[in-house]
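The following exercises concern the fold, the salt bridges and the helix packing of one protein chain. Each task is followed by a solution that proceeds step by step.

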Amino acid sequence: MDDSGLKAQLEQCHKESFGWALSCCLGSLEEAETVLQTAYLKILERRARFGGRSTFKTWFFSVIRRTAVEHRRRQMLQRLMLTRYLRKAPSAVQQPAADERIYSTQVQKAVRVTLSALSRRQREVLQLVFYHDLSLADAAKVMGVSLGSARTHYERGKKRVRQWMDGSRIFNESRSRRRENSTMVS
């Protein structure tokens, strides 16, 4: 693929790719920006090459995922090395997480908590299928797992979300409350 075609494909996927990077970085905006920028550089500098064995979007999302993993490993090593020097220093005050600022409504917060309670693979496959419109086969390729494994994580994740929604007061008004509402309307 030539440079202009590659850049056009990257531009087409930009919004979704940022969403996926944000997901891979557990909601950290700064980290997602860094990871996405690094993924773009890998592709444009030809350190990551599209082989045509899957769709461009699937391949690009897997590059982002691998880049996020590499970034997290690098940060962990840096933190481990710095802890030797900072053990006596007072701990920094933690800022509220970016996802808490983004998801302000009660339903959005509840859904976010539910997704975070899922295993990493269940969460990833659900996000790839529902938020990024990938097929299960493409999601499996992005995640680097077999199709059967992706199906299992997908079904188990959906089941847990469904159970949570059935038991949640947000989505499930009690019958008595519904009766009260219907008599008030009449």
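The model is a predicted one.

**Exercise 1. Overall composition**

Determine how many helices and strands the protein chain contains, and what percentage of its residues is buried.

Solution. Step 1: the secondary structure of the protein chain amounts to 10 helices and zero strands. Step 2: read from the N terminus, the order of elements is α-α-α-α-α-α-α-α-α-α. Step 3: the protein chain has 186 residues, of which 33% are buried. Step 4: considering contacts between residues at least 6 apart in sequence, 64% connect residues at least 24 apart.

**Exercise 2. A salt bridge between two helices**

State which parts of the chain are tied together by the pair Lys57 and Glu16, and classify each residue as buried, partly exposed or exposed.

Solution. Step 1: the criterion for a salt bridge is a side-chain nitrogen of Lys or Arg within 4 Å of a carboxyl oxygen of Asp or Glu. The side chains of Lys57 and Glu16 form such a bridge, with an N to O distance of 3.0 Å. Step 2: Lys57 belongs to helix 4 (residues 56-86) and Glu16 to helix 2 (residues 14-24), so the pair ties together parts that lie 41 residues apart in sequence. Step 3: buried means under 20% relative accessible area, and exposed means over 50%. Lys57, at 18% relative accessibility, is therefore buried, whereas Glu16, at 27%, is partly exposed. Step 4: by the rule of step 1, the count comes to six salt bridges.

As background, side chains of opposite charge can pair when their charged atoms come close.

**Exercise 3. Salt bridges within a helix**

Locate the pairs Arg120 with Glu124 and Lys158 with Glu155 in their helices, and describe the accessibility of each residue.

Solution. Step 1: in the salt bridge of Arg120 with Glu124, the closest N and O atoms are 3.6 Å apart. Both residues, Arg120 and Glu124, are found in helix 7 (residues 120-131), where a spacing of four residues is about one turn of the helix. Step 2: Arg120 is partly exposed at 40% relative accessibility, while Glu124 is buried at 10%. Step 3: Arg120 and Glu124 also belong, together with Arg65, to a network of salt bridges.

Step 4: Lys158 and Glu155 meet through their side chains in a salt bridge of 3.8 Å, N to O. Lys158 and Glu155 are three residues apart in helix 9 (residues 147-167), which means that about one helical turn separates them. Step 5: Lys158 is partly exposed, with a relative accessible area of 23%, and Glu155 is partly exposed, with 45%.

**Exercise 4. Helix 7 against helix 8**

Classify the relative orientation of helix 7 and helix 8, and identify the residues that make the contact.

Solution. Step 1: the axes of helix 7 and helix 8 (residues 136-143) come within 9 Å and cross at roughly 130 degrees. This angle makes helix 7 oblique to helix 8. Step 2: the crossing of helix 7 with helix 8 is right-handed. Step 3: Arg121, Glu124, Val125, Leu128 and Val129 of helix 7 meet Leu136, Ala139, Val142 and Met143 of helix 8. By class, the residues of this contact are seven nonpolar, no polar and two charged. Step 4: Glu124 thus has two roles, as a salt-bridge partner of Arg120 and as a residue of helix 7 in contact with helix 8.

**Exercise 5. Helix 8 against helix 9**

Classify the orientation of helix 8 and helix 9, and give the make-up of their contact.

Solution. Step 1: the axes of helix 8 and helix 9 come within 9 Å, at a crossing angle of roughly 105 degrees. Helix 8 is therefore roughly perpendicular to helix 9. Step 2: the contact involves Leu136, Ala137 and Ala140 of helix 8 with Leu147, Ala150, Arg151 and Tyr154 of helix 9. Step 3: these residues divide into six nonpolar, no polar and one charged.

**Exercise 6. Helix 1 against helix 3**

Are helix 1 and helix 3 roughly parallel or roughly antiparallel?

Solution. Step 1: helix 1 (residues 3-12) and helix 3 (residues 29-44) pack at about 160 degrees, with axes 11 Å apart. Step 2: angles over 145 degrees count as roughly antiparallel, and helix 1 and helix 3 are therefore roughly antiparallel to each other. Step 3: their crossing is right-handed. Step 4: Leu6, Lys7 and Leu10 of helix 1 meet Tyr40, Ile43 and Leu44 of helix 3. This contact comprises five nonpolar, no polar and one charged residues.

Technical notes: Residues numbered from 1 in each chain as written. Predicted model: local features only at pLDDT ≥ 70, side-chain atom pairs only at ≥ 80, totals over all residues. Heavy atoms only, no water. Buried < 20%, exposed > 50% of the residue type's maximum accessible area, 1.4 Å probe, protein only. Axes fitted to C-alpha atoms, helices over the stretch in contact; angles between N-to-C directions. Parallel < 35°, antiparallel > 145°, perpendicular 65-115°, else oblique. Left-handed = near helix turned anticlockwise from the far one by under 90°. Contact = heavy atoms within 4.5 Å. Nonpolar A, V, L, I, M, F, W, Y, C, P; charged D, E, K, R; others polar.
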